[in-house]
Structure formats: C-alpha cells, structure tokens
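I opened this entry to keep track of what I looked up in one model. The notes follow the order in which I went through it.

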Amino acid sequence: MLTKIIGTNTTLTLTTSPQTVTVSTNEYGTYLGQLNQNLPPVKVRIAASGACYIAFGTTATTNSLLMPANAVEHFKLDGTNTVSVLGVAASGNCSVTAVA
C-alpha cells in the first residue's frame, strides 16, 4: 500500500517515561491545534522497532494500547492531534508520521 506523507516525521527513542508528539501536517496548518472546530481527522502512521504503549489525546500508560516490536500501524485521530508513547523497555525507536 502506498502512503502519502503530508507532515513531518518524528522519531522518538523509546524510554520508560511517556513522550508526547503533536502531529502537524502541511495540509491543515495551524488549525490542528484548535480542537472542537469540525476539523478533518488526522491520519498517522506509527512504526515501532521496540514494544511500546500508545495513547491518543492523553498520556500513555501501561494500560494503553500495546504496539508490538517491529510493527507498523495506521490510525485515524479524531478530536486530537497528540500521540503519546511509552516504551515497554528503554530500547528501540518509535516513528510518528502524518499521512493521507
């Protein structure tokens, strides 16, 4: 499947402390930060080389969505433009990219 990248890629080094990324796109500009404005959903591609927990619009915890190591997933963010990542262990990377 071909994926059109429309925003900046952010690569995080996984740690056992949560890290939050604000997803921005070239198409939506500054409007992404204005929630509850009937904005189009943001789609992201998340690729992780190490196992990690993922949360959208809130801080990731060990109760969040578990993403296994060496996985790639696409998510549609509706009502938020933040992704929080918490490494299961302090090893590996997690890449968050806005896509169409």
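What share of the 100 residues in the protein is buried? I looked this up before anything else, keeping in mind that the model is predicted. Buried residues make up 38% of the protein. I also took down the exposed surface, which is about 5,700 Å², with 50% of it supplied by carbon and sulfur atoms.

**Entry: elements**

I listed the secondary structure and found 8 strands and 0 helices. Read from the N terminus, the elements run β-β-β-β-β-β-β-β. I then checked contacts between residues at least 6 apart in sequence, and 72% of them join residues at least 24 apart.

**Entry: sheet 1-8-3-6**

I traced an open sheet of 4 strands, ordered 1-8-3-6 and paired antiparallel. Strand 1 (10-13) and strand 6 are its edge strands, and each of them pairs on one side only. From one strand to the next the twist averages 20°.

I went on to strand 3, which spans residues 42-48. Which strands does it pair with, and over how many bridges? With strand 8 it forms 6 bridges in the antiparallel sense. With strand 6, also antiparallel, there are 7 bridges.

I noted some partners in these pairings. Val44 has Ala98 in strand 8 as its bridge partner. Ile46 stands opposite Val96, also in strand 8. On the strand 6 side, Lys43 stands opposite Lys76.

Why can strand 3 be called largely enclosed by the rest of the structure? I counted burial along it: 5 of its 7 residues are buried, so the rest of the structure largely encloses this strand.

**Entry: Ser95**

I picked Ser95, which is found in strand 8 (residues 93-99). Is Ser95 buried or exposed? Its relative accessible area is 13%, and because the limit for buried is under 20%, Ser95 counts as buried.

I looked for side-chain partners and found a polar contact of 2.5 Å between the side chains of Ser95 and Asn9. Leaving out residues up to four places away in sequence, Ser95 touches Asn9, Thr10, Thr11, Arg45, Ile46 and Ala47. Of these, Ile46 is the residue I had already noted opposite Val96 in strand 8.

**Entry: sheet 2-7-4-5**

I traced another open sheet of 4 strands, in the order 2-7-4-5, again with antiparallel pairing. Its edges are strand 2 (19-22) and strand 5 (65-67); each has a single partner strand, so one side of each has no neighbour in the sheet. Neighbouring strands here are turned against each other by 30° on average, direction ignored.

Inside this sheet I checked strand 4 against strand 7 (residues 82-87), and the two pair in the antiparallel sense over 5 bridges. Cys52 has Gly87 in strand 7 as its bridge partner.

**Entry: aromatic pair**

How many aromatic pairs does the structure hold? I found 1. The rings are those of Phe56 and Phe75, with centres 5.0 Å apart and planes at 50°, so I recorded the pair as tilted. Phe56 lies in strand 4 (residues 52-56) and Phe75 in strand 6 (residues 71-77), so the pair ties together parts that are 19 residues apart in sequence.

I compared the two rings with the sheet orders. Strand 4 belongs to the sheet 2-7-4-5, and strand 6 to the sheet 1-8-3-6.

I then looked up burial for both residues. Phe75 is buried, with a relative accessible area of 18%. Phe56 comes to 28% and counts as partly exposed.

**Entry: Thr82**

My last residue was Thr82, placed in strand 7. At 19% relative accessibility Thr82 counts as buried, because buried means under 20%.

What does Thr82 contact, leaving aside its neighbours within four places in sequence? I listed Thr20, Val21, Thr22, Ala55, Phe56, Gly57, Thr58 and Leu77. Phe56 in that list is also a member of the tilted pair.

I checked Gly57 separately: it is 25 residues from Thr82 in sequence, and the C-alpha to C-alpha separation is 5.1 Å. For side chains, I noted a polar contact of 3.2 Å between Thr82 and Thr80.

Conventions. Residues are numbered from 1 along each chain as its sequence is written. This is a predicted model: local features need pLDDT of at least 70, side-chain atom pairs count only at pLDDT 80 or more; totals for chains, interfaces and linings use all residues. Side-chain values use heavy atoms; hydrogens and water are left out. Buried means under 20% relative accessible area, exposed over 50%, partly exposed in between (1.4 Å probe, protein chains only). A polar contact is a pair of N or O atoms within 3.5 Å; within protein, one must be able to donate a hydrogen and the other to accept it, and residues adjacent in sequence count only if both atoms are side-chain atoms. Contact means heavy atoms within 4.5 Å. Rings of Phe, Tyr and Trp (its six-membered ring) pair if their centres lie within 6.5 Å; planes under 30 degrees apart count as stacked, over 60 as edge-to-face and the rest as tilted. Two strands pair if DSSP finds at least two bridges between them. Axes are lines fitted to C-alpha atoms, for helices over the stretch in contact, and angles run from 0 to 180 degrees between N-to-C directions. Accessible areas come from the Shrake-Rupley method with a 1.4 Å probe; for residues, only the protein chains shown count as cover.
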